[in-house]
Amino acid sequence: MSNYVQSSCTVGYVRLAGIGESLDISNCQPFRSGKLLFVHNGEISNFQQTLYRPIRESLSDSTYRLIKGTTDSEHIFALLVEMRQSSPDSTLLSALNTTLQKLTELVSEHNTSFSANVIVSDGQAVAAIRYAYRTQAPTLYWSYDELKQPNQVIVASEPLSNNQNWTVFGEQSALFVEAQSLQPTISLLERFVPIGV
């Protein structure tokens with residue numbers, strides 16, 4: 001297909017089911033809402049017993065109806081969509097920050113943990129984060145070579161090859177890049193402290 005399709009921004013994902021999760025197309029990423037595409041690597045510990053209902057209860061009816069599967073990933077995506085809809089002028093990165101803050105509050109309240117390596121795109125920009133609360137986040141890398149390949153920024157869970165310059169995401173960090181400029185911006189995320197703690 002790559003001979004016939006052109007895109008300035010692509011998102012892909014390889015599915016690995018968690019223990020007890022069904023191998024159903026509805027659970028497969030990327031998840032989409034309008035122009036928004038989302039992939040997640042990580043987990044909410046004991047999701048079905050801890051945050052399955054609390055996340056759903058924090059969603060509007062329209063966002064709730066986006067959920068077709070049973071994974072924690074899709075629920076995190078629905079929460080992101082909810083945060084973005086409640087603040088339409090937010091950037092991808094600020095919407096992700098608000099989502100992480102809400103997740104941290106829920107996780108603290110229900111005494112569990114979560115890791116969230118997330119890549120989200122609206123077709124014009126990509127935001128990627130590596131974040132965890134009460135656990136360690138899986139690895140995440142990015143590659144950009146302004147001289148050899150100035151027209152691409154790649155984000156991946158593991159380095160895809162040995163002939164590229166791969167930079168590991170630090171704990172609690174984010175990358176933001178717009179498709180037009182392709183200039184990656186790296187920032188540290190604040191470690192969210194649940195309200196009342």
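## Terms and model

Two strands pair if DSSP finds at least two bridges between them. Strands are DSSP runs of E with at least two residues, numbered from the N terminus.

This is a predicted model, in which local features need pLDDT of at least 70, side-chain atom pairs count only at pLDDT 80 or more, and totals for chains, interfaces and linings use all residues. Residues are numbered from 1 along each chain as its sequence is written, and side-chain values use heavy atoms, with hydrogens and water left out.

## Strands β2, β3, β4 and β8

Begin with β3 and β4. They pair in the antiparallel sense over eight bridges. Valine 118 stands opposite isoleucine 129 in β4. Alanine 116 has tyrosine 131 of β4 as its bridge partner. The two strands form a hairpin, with three residues between them. In that turn, glycine 123 has a positive phi of about 90 degrees.

β3 also pairs with strand β2 (residues 36–44). This pairing is antiparallel too and spans eight bridges. Here phenylalanine 38 has valine 120 of β3 as its bridge partner. β4, in turn, pairs with strand β8 (residues 173–178). They run antiparallel, over six bridges. Alanine 128 is matched with leucine 175 in β8.

## Covered on both faces

Both β3 and β4 are mostly covered. In β3, eight of its eight residues are buried (under 20% relative accessible area, with a 1.4 Å probe and protein chains only). One side of β3 holds Phe114, Ala116, Val118 and Val120; the other holds Ser115, Asn117, Ile119 and Ser121.

In strand β4 (residues 125–133), nine of its nine residues are buried. Ala125, Ala127, Ile129, Tyr131 and Tyr133 lie on one side. Val126, Ala128, Arg130 and Ala132 lie on the other.

## Asparagine 117

Asparagine 117 lies in strand β3 (residues 114–121). It counts as buried because its relative accessibility is 3%. A polar atom of its side chain lies 3.1 Å from the backbone oxygen of threonine 139.

Asparagine 117 has many entries on its contact list (heavy atoms within 4.5 Å). Leaving aside neighbours within four places in sequence, they include Val39, His40 and Asn41. Ile129, Arg130 and Tyr131 are also among them. So are Ala137, Pro138, Thr139 and Leu140.

## The sheet β6-β5-β7

A further group of strands forms an open sheet. It has three strands in the order β6-β5-β7, with antiparallel pairing. β6 (149–156) and β7 (166–168) each have a single partner strand, so one side of each is left without a neighbour in the sheet. Neighbouring strands of this sheet are turned by 20 degrees against each other on average, direction ignored (axes are lines fitted to C-alpha atoms).

β5 and β7 are joined by three bridges and run antiparallel. In this pair, tryptophan 142 has threonine 167 of β7 as its bridge partner.

## Serine 143

Which strand holds serine 143? It lies in β5 (residues 141–145). Is serine 143 buried or exposed? Serine 143 is buried, because its relative accessible area is 4%.

The side chain of serine 143 reaches the backbone oxygen of asparagine 165 at 3.0 Å. Serine 143 also touches Gln152, Val153 and Ile154, as well as Gln164, Asn165 and Trp166. That list does not count residues up to four places away in sequence.

Definitions and conventions
Helices (H or I, at least four residues) and strands (E, at least two) are DSSP runs, numbered from the N terminus. Buried means under 20% relative accessible area, exposed over 50%, partly exposed in between (1.4 Å probe, protein chains only). A polar contact is a pair of N or O atoms within 3.5 Å; within protein, one must be able to donate a hydrogen and the other to accept it, and residues adjacent in sequence count only if both atoms are side-chain atoms. Axes are lines fitted to C-alpha atoms, for helices over the stretch in contact, and angles run from 0 to 180 degrees between N-to-C directions.
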